[in-house]
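These are my notebook entries on a structure that I looked up part by part. Each entry records what I sought and what I found.

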Amino acid sequence: MYLENTNSEIKGHLSAIFTILIWGTTFISTKFLLVKFSPIEILFFRFILGLIALFIAKPKIMKLKSIDDFKYFFIAGITGVTLYFLFENIALTYTDASNIGIIVSVSPFFTAILSQFFLPKEKLKIQFFIGFVFAITGITILSLGSRSLSINPIGDILGIFAAITWAIYSIAMKKIGSLKYNTIQTTRFTFLIGIIFMIPFLFFMDFEFKIIRFKDIFYLGNILYLGIGASALCFATWNWSVKILGAIRTSVYVYLIPVITLFFSVLVLNEELNSSKVLGTIFILIGLIISENKIILKLKQKNIEKRRRS
């Protein structure tokens, strides 16, 4: 039973890492699409594609076991699909991307705090806070480099709201995970709710339903990557990881997003790799290792168990 639980947790960690590897590259696809599309257009089209992909993957309609369960899907759909991305995208029009990168990376801290109120089984340990300090220090170094941090109240506050809404989404998905529904179906349902609440924003934001723009295979490929890969597939794998590992332990993998983005920016966009970025990456990795030391201990215990059996 112990080994079975350990194997399940390892799969949960691998699923979270896979998700972050994809999410860390979305910045590049989004940057390409922003040439022809507004942020709200990218957001809407990617989740519509994600919803379609999830319906194809699991066409069976999910039936709620209890009407009371709907509140968790409602919260997850609004926070994780609609509000998080709207807050983040609007924030970028008021403040620097580096500011938002740092602020949004604080979401594991908000997740940990909220978990103490809504997920009593998820207990905070000192290594989480030590890891958090290392990771945020690294993210700050990586994001700012030699530049100083500039304060832009409106944009920075919206960035904080984005971090909080993602934390709420994580809590809601952990609650949903405990209800024993199929992960693909729950992800699809949250997408549907999020899209419904996204529609009113289309009327007073910069949105045009000109799908003819996708005749360019370059833009089509990038929106398919965001819709099917980063949305349908990765939200499902992330939600499954939250179900297995819990909201807190899964959330710390958010620290890796700036590292993945940096790697692919250097590789694809030929951006410069300097000493501050390397130092920041080292701090982030140390923070992640400290935060996730539980899995390292379990792996050691697993090896000991195998040796005993042999």
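**Entry 1: The cavity**

I began with enclosed spaces, and I found that the structure holds one cavity of 30 Å³ or more. I note at the outset that the model is a predicted one. The volume of the largest cavity is about 60 Å³.

I then asked which residues line the largest cavity. I listed Met173, Ile176, Gly177, Lys180, Tyr181, Thr183, Thr186, Asn239, Trp240 and Lys243. By class, this lining divides into four nonpolar, four polar and two charged residues. I also looked up the helices behind it: H8 (153–177), H9 (183–202) and H10 (217–245) each supply at least two residues of the lining.

**Entry 2: Lysine 180**

I chose one of the lining residues, Lys180, for a separate check. Lysine 180 lies in the loop between H8 and H9. Is lysine 180 buried or exposed? I recorded it as exposed, because its relative accessibility is 64% and the exposed class begins over 50%. I also noted its backbone: lysine 180 is not a glycine, yet it has a positive phi of about 70°.

**Entry 3: The whole protein**

I next turned to the overall fold. I counted 14 helices and zero strands in the protein. Read along the sequence, the pattern is therefore written with α at every place, as α-α-α-α-α-α-α-α-α-α-α-α-α-α.

The protein has 310 residues, of which 50% count as buried. For its accessible surface I noted about 15300 Å², with 70% of this belonging to carbon and sulfur atoms. I also looked at contacts between residues at least 6 apart in sequence, and 90% of these join residues at least 24 apart.

**Entry 4: The nonpolar core**

How many residues does the largest nonpolar core have? I found 73 residues in this core. Those with the most contacts inside it are Trp23, Phe47, Trp166, Phe235, Trp238, Tyr253 and Tyr255. I set beside this a general remark: in soluble globular proteins, nonpolar side chains tend to be buried together.

I followed tryptophan 23 further. Leaving aside neighbours within four places in sequence, tryptophan 23 is in contact with Trp166, Ala230, Cys234, Phe235, Trp238 and Ile257.

**Entry 5: Serine 251**

I located serine 251 in helix H11, which covers residues 247–251. Serine 251 counts as buried because its relative accessibility is 1%, and buried means under 20%. With neighbours within four places in sequence left aside, the contacts of serine 251 are Pro108, Thr111 and Trp238. I note that Trp238 is also among the contacts of tryptophan 23.

**Entry 6: Two pairs distant in sequence**

I closed with two residues and a partner for each. Leucine 192 has its place in helix H9. At 34% relative accessibility, leucine 192 counts as partly exposed. Its partner is isoleucine 48, 144 residues apart from it along the chain, and the two C-alpha atoms are separated by 8.5 Å.

Where is isoleucine 211 placed? I found isoleucine 211 in the loop between H9 and H10. Isoleucine 211 also counts as partly exposed, at 48% relative accessibility. Isoleucine 211 and phenylalanine 45 are 166 residues apart in sequence, and I recorded 9.2 Å between them in space, C-alpha to C-alpha.

Terms used. Residues are numbered from 1 along each chain as its sequence is written. This is a predicted model: local features need pLDDT of at least 70, side-chain atom pairs count only at pLDDT 80 or more; totals for chains, interfaces and linings use all residues. Side-chain values use heavy atoms; hydrogens and water are left out. On a 1 Å grid over the protein atoms alone, a cavity is a set of points where a 1.4 Å probe fits but cannot get out, and a pocket is an open set with protein on both sides within 12 Å along at least five of seven lines; lining residues have an atom within 4 Å of a point. Grid points are joined across faces, edges and corners, and a volume is the space filled by probe spheres set on the points. Helices (H or I, at least four residues) and strands (E, at least two) are DSSP runs, numbered from the N terminus. Ala, Val, Leu, Ile, Met, Phe, Trp, Tyr, Cys and Pro count as nonpolar, Asp, Glu, Lys and Arg as charged, and the others, Gly among them, as polar. Buried means under 20% relative accessible area, exposed over 50%, partly exposed in between (1.4 Å probe, protein chains only). Contact means heavy atoms within 4.5 Å. A nonpolar core is a set of buried Ala, Val, Leu, Ile, Met, Phe, Trp, Tyr and Cys residues joined through side-chain atoms within 4.5 Å. Accessible areas come from the Shrake-Rupley method with a 1.4 Å probe; for residues, only the protein chains shown count as cover.
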